[in-house]
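This report looks at one protein model, from its annotated spans down to a single residue. Please keep the structure in view while reading.

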Amino acid sequence: MERPAPFQPVDRSLHPDAGTATVDIVVPVYNEERALPGCLRTLHARLSEGFPFPWRITVADNASNDETLATAHRLVDELPGVGVVHLDRKGRGLALRTVWGASDADIVAYMDVDLSTGLDGLLPLVAPLASGHSDLAIGSRLAPGARTVRGPRREFVSRCYNGIIRLTHQVRFTDAQCGFKAARTEVLRPLLKVTRDDAWFFDTELLLLAEHNGLRVHEVPVDWVEDVDTRVDVVSTATDDLRGLWRMARLKASGGARVAVRPRPAPAAEHPDAVLAPATRRGVLSWEVGCFLAIGVVSTVGQALLYWLLRGWWTPAVANLVSLCVLTVLNTEANRRLTFRYSTTPPARAHLGAGGLFVLGYLVTSGAVLWFKWLDPGASPAAETAVLAAASVAVTGVRFAVLRLAVFAGPRGRTR
């Protein structure tokens, strides 16, 4: 790797309250001899005019086979604060992991060479990291307030992909692959040691690791204009992304996604005379019991309604089996996200444990309904539904105890 460029100082006459955190902005490129000059001159001018932190730009050339590297070296001679790093292998993830991992800046960032993301979002991206409020920051084309100009195909693919991420990994961020991200170097380095993807999935992998380890991810709604001169193969990238999501799910389930990062301190009142609720009112058990009961009531009503609908076509046992299967999955997921939200139990183990309870619940509730039918063969579906609801309530207490003491037992991932 070449020697990085020096950080450009801030003009204190223009920014008397400028910060001291250094920022390294990486522009990964592959065969971008046409787009690179305009990108660097535009970015350099914006940083020189109004960026309140010491900065530098690093071009990460990942195995270009055109004149990109030569163009980058010419621009280094022209623009102070611009450096170039050349890698012999292709891959945006590889380029970012290499340059970010070796950077001596306090904050590292990257943006795409086409500058599709408006540069007005750069300072809002970096500021929460410089203050220590957040650990990573990402531009989002899907967050409230974002404005995008792009074709329907990319809009559809982007929304579908981010929907799959939220469905399979229960994340809070809205846009995993906007080419506009930054991170505090001290928290980023442990994550880079775990990342494996060298291509486009690197962004998603990094964010999944960050959120899984309790880091705070700040989202900035951005203005984004599509540049159709792209190096992205949508089909192969989408396939690789789905493989990556499956790999990350297995890594989380095995515990390999846990990284030794400094945990954030628990929330504390700033006001010295703040009146706080007694600890007993904020207890964990009361929260878990309250959530579990609320979810249980909704689940019981939902199962009863679904059973009543299905009973018109199927026998009591089959209708109960289907309704119980559907509501068990929904109930387990709701309890995992709300009731036991601080547990580190992987989703697969949570649903597997709930599956055992499902067998118990099915035997008890089916036995109750069949016994009632034996006692009163002419009973109406409404009466059967009432018996089913009563049996479900009886199972609830046992279910809560097993979930709390066995399925979601163990250390909690966050401080309460």
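## The span at residues 25-189

In this predicted model, residues 25-189 carry the UniProt feature "domain: Glycosyltransferase 2-like", which comes from an unreviewed entry. Helix makes up 42% of this stretch of chain and strand makes up 22%. The C-alpha atoms at its two ends are 16 Å apart.

## The span at residues 292-408

An unreviewed UniProt entry also gives the annotation "domain: GtrA/DPMS transmembrane", covering residues 292-408. Here the chain is 85% helix and 0% strand. The end C-alpha atoms of this span lie 13 Å apart.

## The protein as a whole

The protein has 416 residues, and 46% of them are buried. Its secondary structure comprises twelve helices and nine strands. Along the principal axes, the C-alpha atoms fill a box of roughly 90 × 55 × 35 Å.

The exposed area of the protein is about 20600 Å², and 62% of it is supplied by carbon and sulfur atoms. Among contacts with a separation of 6 or more, 79% are between residues 24 or more positions apart.

## Helices α6 and α7

Helix α6 consists of residues 185-192 and helix α7 of residues 202-212. The two helices pack with their axes 10 Å apart, at an angle of about 110 degrees. Angles of 65 to 115 degrees count as roughly perpendicular, and α6 and α7 are therefore roughly perpendicular to each other.

Which residues of α6 and α7 make the contact? On the α6 side they are L188, L191 and L192, and on the α7 side they are F202, L206, L209 and A210. Sorted by type, the residues in this contact of α6 with α7 are seven nonpolar, no polar and no charged.

## P316 in helix α10

P316 belongs to helix α10, which runs over residues 316-339. Is P316 buried or exposed? A residue is called buried when its relative accessible area is under 20%; P316 has a relative accessibility of 14%, so P316 counts as buried.

Setting aside neighbours within four places in sequence, P316 is in contact with Y307, R311, V369 and E384. One of these partners, E384, is 68 residues from P316 along the chain, yet the C-alpha atoms of P316 and E384 are separated by 8.4 Å.

Key. Residues numbered from 1 in each chain as written. Predicted model: local features only at pLDDT ≥ 70, side-chain atom pairs only at ≥ 80, totals over all residues. Heavy atoms only, no water. Axes fitted to C-alpha atoms, helices over the stretch in contact; angles between N-to-C directions. Helix = DSSP H or I, 4+ residues; strand = E, 2+ residues; numbered from the N terminus. Parallel < 35°, antiparallel > 145°, perpendicular 65-115°, else oblique. Contact = heavy atoms within 4.5 Å. Nonpolar A, V, L, I, M, F, W, Y, C, P; charged D, E, K, R; others polar. UniProt positions renumbered as here; feature names shortened; annotations may be inferred. Buried < 20%, exposed > 50% of the residue type's maximum accessible area, 1.4 Å probe, protein only. Areas by Shrake-Rupley, 256 points an atom, 1.4 Å probe, with all protein chains shown as cover.
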